[in-house]
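Subject: Structure for your review

Hello,

Please find the structure below, followed by notes on what turned up in it. The notes are grouped by topic.

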Amino acid sequence: MNVSGTKIAERGRFGRSGKRSKELCSWVDSDYSLERDYLKTIVQTEKLKGKRAMATHFTRKLPGCIHINFQESNSVRRRLCFFFSLWACLSCVPGLAALKVSMPFQKTAILGTNVTLQCKITDYPPPELDIKKTILVWYLETSERNKIEKLYSVVAGEHSSNRDGSRLDTIQLKNGNASLFLPQIQLHEEGKYICIVIVASAKAEGTTILDLVVEPTVQLSPKELEIEKGSVKRLTCTVNKFYPDSIVILWQKHSKHTSDKSVLSEDIYMGTSVRNDDGTYNTTSKLRLQPSSQDQGNVYYCIVKHKSFASYPVYNVTLTVTEPNSPTRLIIGLVFGSLCLTTGLLLCYFYFVQFLQKPFIDFPKLSNIVIEPSDAEYGESVNLTCEVTDFNPKNICTQWFLGDNSLRNGVVTEDLDMACNGCYKLTSVFELKATASVCDKTICFRVSHASLAKPITREVYLKLPVKRPVLSEIKATPDHQNIFEISISQFAPPDIQVRWYQGWRQISENINPRNIEIGEDHLCYFVSKVHLDAQTLAFGNTIRCEVKHSTSTEDKSLILNPTGKLNTYINTLFIEGVSRPVTIFQQLNLQLSPNCCNGSKILSQ
């Protein structure tokens, strides 16, 4: 059953009465979802605990897959109320463990950083959490959009992610650690995070409020404050790129004539906060100054208080008060200015004469690398463009690099063009195909010129969507029954770790394999193999492959069953009275089955 909009009330609040079912129905809204697998897991658990008749009746009530709209049918609503009433009865069964979820009340993080949300599960049946009987769901409730969305879920060991890059470690989950990792947190992800855990028919949940902050940049201008006595001038404190918008800007005056540090409120102008396109804010505060001779040497302070600061920064400037200009000073200033103008004209004349007779040298200037399109998908062509301007002479060397590798294919550099200032300019374009091999790679543009002591560079980080690996079943190779392989495909970036286990013993490890290839879908693909010696192969053992990627950690397993194809292995025995070991050849029937089988049996020796 796919039920859109279900929120489960706290267990044990009303018992088995009809009042509980009405309360549960009233808490249904359009922002929670509960899948059919959840319901079947609960029913199977209740069957194991002796409530076979009730669970069987409930299973017959489950349709294959329907979508419920609460405004379409009253009968559908009555069935949903019946389901929640039944769930309420099952969750109050005595003897179940008092499951607990512990989470910090609040967490503050910097915008754009990686965030790990803590969720600790305790009081579950020992020795470890049985993830095959566990349902774990992470939700995000945002106040701005006023909605609740599911981010991540683990149902009977199967992981499902609705947020790119989010992951939850299976091994840590078995130890009660259900922490959720979110890379490069964004402003729209600020809000209340809900962790809901259901083990058998016991349920618990916890919440954490995530607050995001951005530390602002502060500038006090002018940096040198010089005001003529009696004149009016304003001192400006500019605060840019901060979040949240709650901010306080204070002004203080330190004078050698008084201990009073306050300034008049009517001399302060506080601007309103202006929202930027990226969600951050800008604001300014201005202080009006009309100094007298006694204000000479006063120090004015701008103090900014914001949630992102561990300690509040203080910015200051010293006031210099000058006397008004007299007519004599004005005449002297005019004469001095005339002399400076004449000298400047002569210097310009000689400069242009030299310029016409001898070429000049100027340093090249590089623009930032522009990526088009900025949201490319795998298989699309991506153009990276960088402009080089204002250089002379025209001999120049440009290079593109992907990591440490120099690139030549796909590079197009336009012919040199002379600008109106007598310098040269050019544009270099690098075209590449968006594949998993370039995901999360750094691309560099380097320029060498006669005017430079060393090359100058521009770098850009090529961000492509991350893809979760797809695992095939483990199988034996056709030529060798003791060699097992698994296909891992459709993942990006290519960084991956593969470990093989026989039982609980690790037998192989491969970190960032070299045989990774790019498939027709432009994503990574490779086959991991492991060889097992026939002498150490124990029937009934489990062969398991664990694949760890930045998006998830998954594994596949295979249980050995001694039926089917014929295989030979050698045992060596030491017999009393014989000076050397005796080799006995034994014929065994060996079948490699991807399904779980109970026990093993040697059919022939």
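**Salt bridges and other local features**

Glu-141 is partly exposed, with a relative accessible area of 27%. Please keep in mind throughout that this is a predicted model. The side chain of Glu-141 forms a salt bridge with that of Lys-192, at 3.6 Å from N to O. The two ends come from distant parts of the chain, 51 residues apart: Glu-141 sits in strand β7 (residues 134-142) and Lys-192 in strand β11 (residues 191-199). Lys-192 is also partly exposed, since its relative accessible area is 31%.

How many salt bridges does a search of the whole structure find? The count is 13, and two others are described here.

One of them pairs the side chains of Lys-229 and Glu-323, at 3.2 Å from N to O. Lys-229 is in the loop between β14 (225-228) and β15 (233-242), and Glu-323 is in the loop between β21 (314-322) and α6 (327-357), so this contact ties together parts that are 94 residues apart in sequence. Both partners are partly exposed: Glu-323 has a relative accessible area of 44%, and Lys-229 has 32%.

The other is between Arg-468 and Glu-554, whose side chains meet at 2.7 Å, N to O. Here a loop is tied to a strand, because Arg-468 lies between β31 (456-462) and β32 (470-471) while Glu-554 belongs to strand β40 (residues 553-573); the separation in sequence is 86 residues. Arg-468 has a relative accessible area of 30% and is therefore partly exposed.

**Surface charge**

Which residues gather in a patch of negative charge on the surface? They are Glu-387, Glu-414, Asp-415 and Asp-417. Of these, Asp-415 is placed in the loop between β27 (411-413) and β28 (417-418). Asp-415 counts as exposed because its relative accessibility is 70%, and the cut-off for that class is over 50%.

**Backbone points**

Two cis peptide bonds are worth listing. Ser-221 and Pro-222 are joined by a cis bond with omega of about 0°; Pro-222 is in the loop between β13 (217-221) and β14. The bond from Tyr-243 to Pro-244 is cis as well, with omega near 0°, and Pro-244 is located in the loop between β15 and β16 (247-254).

There are also positive phi values in residues other than glycine. For Ala-156, phi is near 55°. Ala-156 is part of the loop between β8 (147-155) and β9 (158-161), and counts as partly exposed because its relative accessibility is 26%. For Gln-490, phi is near 60°. Gln-490 is in a strand, β34 (residues 483-491), and is partly exposed with a relative accessible area of 39%.

**Annotation**

An unreviewed UniProt entry gives the feature "domain: Ig-like" at residues 94-197, 216-322 and 364-401. What is the strand content over residues 364-401? It is 58%, against 0% helix, and the C-alpha atoms at the two ends are 19 Å apart.

Regards

How values were computed
Residues are numbered from 1 along each chain as its sequence is written. This is a predicted model: local features need pLDDT of at least 70, side-chain atom pairs count only at pLDDT 80 or more; totals for chains, interfaces and linings use all residues. Side-chain values use heavy atoms; hydrogens and water are left out. Patches are made of residues with over 30% relative accessible area and no salt bridge: like charges are joined within 9 Å, nonpolar side chains (Val, Leu, Ile, Met, Phe, Trp, Tyr) within 5 Å. Accessible areas come from the Shrake-Rupley method with a 1.4 Å probe; for residues, only the protein chains shown count as cover. A salt bridge is a side-chain nitrogen of Lys or Arg within 4 Å of a carboxyl oxygen of Asp or Glu. Lys and Arg count as positive and Asp and Glu as negative; His and the chain ends are not counted. The place of a charge is taken as NZ of Lys, CZ of Arg, CG of Asp or CD of Glu. Helices (H or I, at least four residues) and strands (E, at least two) are DSSP runs, numbered from the N terminus. Buried means under 20% relative accessible area, exposed over 50%, partly exposed in between (1.4 Å probe, protein chains only). UniProt positions are given in the numbering used here, feature names are shortened, and annotations may be inferred rather than shown by experiment.
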